[in-house]
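Here's a quick tour of a predicted model. Have the sequence and the 3D view open while you read.

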Amino acid sequence: MNWNRLCAMARKEMIQIRRDARSIGIVIAMPIVMMFAFGYGVSFDTKHIPLYVYDQEKSQQSQDFLKRFQASVYFKVVKTVASYPELVQAIDKGDCQIGLVVPPDFSRKLRSGQKVSIQAIFDGTDSNSASLGMSYTEAVAQAHSQQLQLEWLQGRGQGEARLPLSVDARTWFNENLESMVTIVPGVVAMVMAVVGTFLTSLTVAREWERGTMEQLISTPVTPLEIMLGKLAPYVAIGLADTTLCAIMGVWWFGVPFRGHIWVFLLSTFLFLTVVLSLGYFFSVVAKTQLAASQISLIATFLPAFLLSGFVYPIDQMPAMVQGITHIVPARYYMAILRNVFLKGSPVLTMWQDFLGLAIFAALLGLAATRVFRKKLA
């Protein structure tokens, strides 16, 4: 392998990138757009759930109970309706996700020490919001019940009730339980998977379409030098885009970065090798820019979005799907990024993820090289 020929190929590819406005737009705009779109658009935090109330008693005791929902950040009391059919209609129309019905004997049962049942109707079309809303509703009702029990005991001179068991909960790495903190590191992996594969999928296909591949073959440049020379600029572009996304995550979205820079760069380089080799492979096989770009988007975006742990926890997937996730390179890079950003974990605790990326980088690099040589033969 000749270093001068390799540098010449890299320089030729940089000139083509600079002249291609579409590639420049993808390089600059797509990482920023994806960071803002996923950073602000994807959220697992369920707050301000619209709530309609049908208070059949309208007493001071029922109003005290409802004020707990008004004071909670998880609920938004939109309206108090005057009838049960109006409440049902509001849920059917999607005006609210929770309907709360306070019985007409609410205060009487409380004074007599009887159990009071509050009806809560949840819109199950969004199962995640319904499940969280149910948990939040039960928590508010339990807190109000404990307060009433305490007041009842104190009113009879029995002092303060002491619970025999309590939980002193502390949350590490994401103290405020903000979904953005876990999403943004995953967005970095998504950007690299899509941008890296998409850009390199156009490299060889562009040469085939323009008829310049035959000219390259007639020169002394070897297939390996062509491949490395074409990929070298995209390695630099990928590292620059990743650094930009990381800076945006830390300084704009407030995501902590507790790990070492060199661990971040090493994992990024391995993942770049994987996605660039994959895009190069598609570019060689497809021979047209349109087909190569479509294949690369389908083969990288969907697996990275659905099977990498970005949106859905892998340990909650069916066993067969969990097995499939092991052949998705973004899974390993996603795990490394979250450990580097949030935990600051040492490399030894992530050796399995690094090994997975290294294996994929070697296999895909060899596959792309072999297919390219076969095409030129």
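## The strand pairing

Let's start with one pair of residues: proline 50 has lysine 76, in strand 2, as its bridge partner. Zoom out a little and you'll see strand 1 (residues 49-55) running parallel to strand 2, with five bridges between them.

Those two strands belong to an open sheet of four strands, ordered 2-1-3-4, and the pairing in this sheet is mixed. At the edges sit strand 2 (75-80) and strand 4 (119-122), each of which pairs on one side only. On average, neighbouring strands are turned by 25° against each other, if you ignore direction.

## A helix on the sheet

Now look for helix 4 (residues 84-93), which packs on this sheet. Helix 4 touches strand 1, strand 2, strand 3 (98-102) and strand 4. Compare directions, and helix 4 makes about 165° with strand 3.

## The cavity

How many cavities of 30 Å³ or more does a search of the whole structure find? The search turns up one. The largest cavity holds about 40 Å³ of space.

To find it, go to Met192, Val195, Gly196, Leu199, Tyr234, Ile237, Gly238, Asp241, Leu272 and Leu276, which line the largest cavity. Helix 7 (179-200), helix 10 (223-252) and helix 11 (261-286) are the elements that give two or more residues to that lining. Sorted by class, the lining has seven nonpolar residues, two polar and one charged.

How values were computed: Residues numbered from 1 in each chain as written. Predicted model: local features only at pLDDT ≥ 70, side-chain atom pairs only at ≥ 80, totals over all residues. Heavy atoms only, no water. 1 Å grid on protein atoms, 1.4 Å probe; cavity = no way out; pocket = protein on both sides within 12 Å on 5 of 7 lines; lining within 4 Å. Points joined across faces, edges and corners; volume = space filled by probe spheres on them. Nonpolar A, V, L, I, M, F, W, Y, C, P; charged D, E, K, R; others polar. Pairing = 2+ DSSP bridges. Axes fitted to C-alpha atoms, helices over the stretch in contact; angles between N-to-C directions. Contact = heavy atoms within 4.5 Å.
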